[in-house]
Amino acid sequence: MKTFEEKWTAWLDDELSGNELAEFEASLPDKAAAEAEKLDAHKLGAFLKEQLQGRAMGNEEFFHHQLRERIAADSRATSAPEKTGAKPALWPIGRLVWVGATSLAIFCVCTFFVLREKSPTDQSQYLTEILNARVDPALSPNATISMFESKEDRVTVLWVDGLQSLPVEYATK
């Protein structure tokens, strides 16, 4: 069963007919005032339809197509980021680890071959010749030769004291 408000709205819209229309009009306390209100409602509706026309949208289908494309692109971007065609990083972490390990291995191999301990040789030929030489007492009567060696540092220091000149044969070497 319809309420009074539903029947009132249907009567204003001229949707009541026959027996229902007669019953509703009979239930109205002042039919003339109701008719005047109905006429005012129709005038207001016509005025609003005339004055409040919606703007006509140009190219509606293109607008809807753009919206659908944006929605589809947004949903693709949020659901599957790997399908967007993004480039992988230039140096991912795995590649950095392998490059670092390879570089360290090459460094160790080079260090082993370059810095490996060479067996110390005996005295050089120059030291041997100097030690075997005798200072001529006529040229330098107070000359002395002292030698200091450090095996761990592989250094030999030759201290010549009181020598005024070397023999001629050493000057050519």
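## A guided tour from Lys 38 outward

Begin by selecting Lys 38 and Asp 14, whose side chains are joined by a polar contact of 2.6 Å. Keep in mind throughout the tour that what is on the screen is a predicted model.

**Stop one: the pair itself.** The contact between Lys 38 and Asp 14 is also a salt bridge, with 2.6 Å from N to O. Lys 38 lies in helix α3, residues 31–51, while Asp 14 sits in the loop between α1 (4–12) and α2 (18–27), so the pair ties together parts that are 24 residues apart in sequence. As background, side chains of opposite charge can pair when their charged atoms come close.

Is Lys 38 buried or exposed? With a relative accessible area of 13%, Lys 38 counts as buried, because the limit for that word is under 20%. If you display its surroundings and leave aside residues up to four places away in sequence, you will find that Lys 38 touches Trp 11, Leu 12 and Asp 14.

**Stop two: the backbone at Asp 14.** Stay with Asp 14, which follows α1, and look now at its backbone rather than its side chain. Most residues other than glycine have a negative phi. Asp 14 has a positive phi of about 60 degrees, although it is not a glycine.

**Stop three: helix α1.** Move back along the chain and select Trp 8, Ala 10, Trp 11 and Leu 12, which are the buried residues of α1. Which elements do these buried residues pack against? They pack against α2 and α3, and two of the residues in this selection, Trp 11 and Leu 12, are ones that Lys 38 touches.

**Stop four: another salt bridge.** The structure holds two salt bridges, and to see the one not yet visited you should select Glu 25 and Lys 31, whose side chains meet at 3.2 Å, N to O. Lys 31 counts as partly exposed, at 38% relative accessibility, whereas Lys 38 counts as buried at 13%.

**Stop five: a patch on helix α5 and beside it.** Next, select Leu 90, Trp 91, Ile 93, Leu 96, Val 97 and Val 99, and turn on the surface, where these residues form a nonpolar patch with about 630 Å² of accessible area together. Val 97 is found in helix α5, residues 93–115, and this residue is exposed, with a relative accessible area of 53%.

**Stop six: two cysteines.** Select Cys 108 and Cys 110, and ask why no bond should be drawn from the sulfur of Cys 108. The closest cysteine sulfur, in Cys 110, is 9.5 Å away, which is too far for a bond, because a disulfide needs the two sulfur atoms within 2.5 Å. The count for the structure therefore comes to zero disulfides. Cys 108 is partly exposed at 44%, and Cys 110 is also partly exposed, at 43%.

**Last stop: the whole chain.** Finally, clear the selections and colour the protein chain by secondary structure, which comes to seven helices and two strands. Followed from the N terminus on, the elements run α-α-α-α-α-α-β-β-α. Buried residues make up 7% of the 173 residues in the chain, and Lys 38, where the tour began, counts as buried. With the surface shown for the entire chain, the accessible area comes to about 15,400 Å², of which 59% belongs to carbon and sulfur atoms.

Technical notes:
Residues numbered from 1 in each chain as written. Predicted model: local features only at pLDDT ≥ 70, side-chain atom pairs only at ≥ 80, totals over all residues. Heavy atoms only, no water. Patch = residues over 30% accessible without salt bridge, like charges linked within 9 Å, V, L, I, M, F, W, Y side chains within 5 Å. Areas by Shrake-Rupley, 256 points an atom, 1.4 Å probe, with all protein chains shown as cover. Salt bridge = Lys/Arg side-chain N within 4 Å of Asp/Glu carboxyl O. Helix = DSSP H or I, 4+ residues; strand = E, 2+ residues; numbered from the N terminus. Buried < 20%, exposed > 50% of the residue type's maximum accessible area, 1.4 Å probe, protein only. Contact = heavy atoms within 4.5 Å. Polar contact = N/O pair within 3.5 Å; in protein donor to acceptor, adjacent residues only side chain to side chain.
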